[in-house]
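Student: Could you take me slowly through one part of this structure, the annotated active site and what lies around it in the chain? I would like to follow the reasoning step by step.

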Amino acid sequence: AYISFDSSNLTKFVHDNELGEMQAMVTAADSELRNGTGAGADFRDWIDLPTNYDKDEFSRIKAAAKKIQSDSEVLVVIGIGGSYLGARAAIDFLNEAFYTALPASERKGALVLFAGNSISSSYVHDLIHVIGDRDFSVNVISKSGTTTEPSIAFRIFKDKLVEKYGEAEAKKRIYATTDRARGALKTESDAEGYEEFVVPDGIGGRFSVLSAVGLLPIAASGADIDKLMQGAADASKDYTSDKIEDNDAYRYAALRNILYRKGKTTELLENYEPTMASFAEWWKQLMGESEGKDQKGIYPSSANFSTDLHSLGQYIQEGRRNLMETVVKVDKPNYDIDIPKEDSDLDQIGYLEGKTMDYVNTQAFRAVTLAHTDGDVPVMAVHIPDQTEYSLGYLIYFFEAAVGISGYLNGINPFNQPGVEAYKVNMFALLGKPGFEKETAEIQKRVQK
Ligand code: PA5
């Protein structure tokens, strides 16, 4: 496979026969996934999405991205959960650490900024402030078309567009990504004539990064979405075997399931590149929403190294032993830097002269892996060659394939998310949403106590 999965540091935690014992379960889970006999079978279209997608829409995405780049310096992407995490992860992964602060002439495409992923009024104010008088467009993304956070943000940015460009031009600057047929956003888009893109039926929010949901913002940012899809397509061909020894994504899924059953109930996704912090946020939704139900599942968390070695590092080394770690290590950084020579050695790092920063970063990774293993934390590593579109597409598919079977290994439906609704009912009741009169009356009694 193009990326390598290293589980060689697990010998202390998992015996060879344990992995062998998992084969029958993995084969069963793979069959449920591929044949659609498992729970949530209607949401498996991500499996062949990298090759089986709407090619006409893909061309429209590229054309829309070009138009956005030509008439807008900023693209405001409005969405929450699965409707923004993938795009943000990809754009951060594929750009320089400070790309938002670069002048427009030095960016690859539009400056993509996100809204509608919280209900913070200060955040929206600050976003409007930073856009200033720059030209902008809006991509509003919501599968249901009725999610409160993006709906509020969309109203506000629609107003701003109309204020700046007038009604007719504003409509040409709005791109709506939503369900093919249903929902308030679909109704509005049809009525107003926004350019529309589709969140495919058989793809849940957390699996939607390689659909229009992720692709339009990613393309607008200047990234090559052909290469992104190619990486995922190649991974979809490389991770087809149900045999643990031939399928690294399944080996990862099996190992973390074994570790989970030994009490390693929290998994940290880690990186040594700050531009990968958002990737972990995408991964947390993918894992957490897929696996955390029926009062079980690995809790997905994350850490950024070496930064967090100076904070969380203490807990990881010596706190409760319920942790496992998965490092995504970039083998070749975008840029490497020599450690400068100095005549005096007042700072006492002269022994590093002639070495590069990335050499030190990699030794930190090796040192941490050994220290945490000694501290009884199992450490797995996924090595990616570089931070390119192709590698990202491949990596995305690796984790999707793993989580696809891991829900079945743990006896739950990996493709639903009933738990994200509970707070919404309370919030609608408190806000007095029409249709929630009974809940409003009940919740008023509870909050008055
Ligand atoms: O995974 C999910 O279903 C959620 O995180 C959704 O993506 C999120 O709630 C946004 O939903 P929608 O796209 O319908 O606005």
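Tutor: What follows begins with the annotated residues, moves along the neighbouring stretch of chain, and ends with the ligand and the whole fold.

Please keep in mind throughout that this is a predicted model. The UniProt annotation "active site", which comes from an unreviewed entry, covers Glu289 and Lys424, and these two residues are a good place to begin. Glu289 sits in helix α11, which runs over residues 277–291, while Lys424 belongs to helix α15, residues 422–431. Their surroundings can be judged by counting C-beta atoms within 10 Å, where 20 or more means buried and 12 or fewer means exposed. Glu289 has 24 such neighbours and therefore counts as buried, whereas Lys424 has 14 and so counts as partly exposed. If we leave aside the neighbours within four places in sequence, Glu289 is in contact with Arg206 and Gln417.

Let us now follow the chain onward from helix α11. In the loop between α11 and β8 we find Asp294, whose phi is near 55°, a positive value in a residue other than glycine. Asp294 has 10 C-beta neighbours inside 10 Å, so it counts as exposed. A comparable case is Asp376, which is not a glycine either and has a positive phi of about 70°; it is placed in the loop between α13 (357–374) and β10 (379–384). Asp376 has 13 C-beta neighbours inside 10 Å and therefore counts as partly exposed.

After the loop that holds Asp294 comes strand β8, residues 299–304, and Pro300 is part of this strand. With 22 C-beta neighbours inside 10 Å, Pro300 counts as buried. Leaving aside neighbours within four places in sequence, the contacts of Pro300 are Glu267, Leu269, Trp283, Lys284, Met287 and Gly288. As helix α11 covers residues 277–291, Trp283, Lys284, Met287 and Gly288 tie the strand to the helix that also carries Glu289. Further on, a cis peptide bond with an omega of about 5° joins Phe305 and Ser306, and Ser306 lies in the loop between β8 and α12 (312–318).

The ligand deserves a separate look. It is surrounded by 15 residues, of which Gly81, Gly82, Ser144, Thr147 and Gly205 are the closest. By character, the residues of this shell divide into three nonpolar, nine polar and three charged.

Another helix, α9, shows how a helix can be checked against expectation. At 1.5 Å a residue, the 14 residues of α9 (residues 225–238) should span 20 Å, and the end C-alpha atoms are indeed 20 Å apart, so the two values agree. Among the buried residues of α9 are Ile225, Leu228, Met229, Ala232 and Ser236, and the buried residues of this helix pack against α8 (212–220) and α14 (389–409).

Finally, we can place these parts within the whole. The protein chain has 16 helices and 10 strands, and 42% of its 449 residues count as buried. A compact globule of 449 residues would have a radius of gyration near 22 Å, and the chain has 23 Å, which means that it agrees with this expectation. Of the contacts with a separation of 6 or more, 78% are between residues 24 or more positions apart.

Notes: Residues are numbered from 1 along each chain as its sequence is written. This is a predicted model: local features need pLDDT of at least 70, side-chain atom pairs count only at pLDDT 80 or more; totals for chains, interfaces and linings use all residues. UniProt positions are given in the numbering used here, feature names are shortened, and annotations may be inferred rather than shown by experiment. Helices (H or I, at least four residues) and strands (E, at least two) are DSSP runs, numbered from the N terminus. Two residues are in contact if their C-beta atoms, placed from the backbone, lie within 7 Å. The radius of gyration is taken over C-alpha atoms; the globule rule is 2.2 Å times the number of residues to the power 0.38. A residue is near a molecule or strand if its C-beta atom, placed from the backbone, lies within 6 Å of it. Ala, Val, Leu, Ile, Met, Phe, Trp, Tyr, Cys and Pro count as nonpolar, Asp, Glu, Lys and Arg as charged, and the others, Gly among them, as polar. The expected span of a helix is 1.5 Å times one less than its number of residues.
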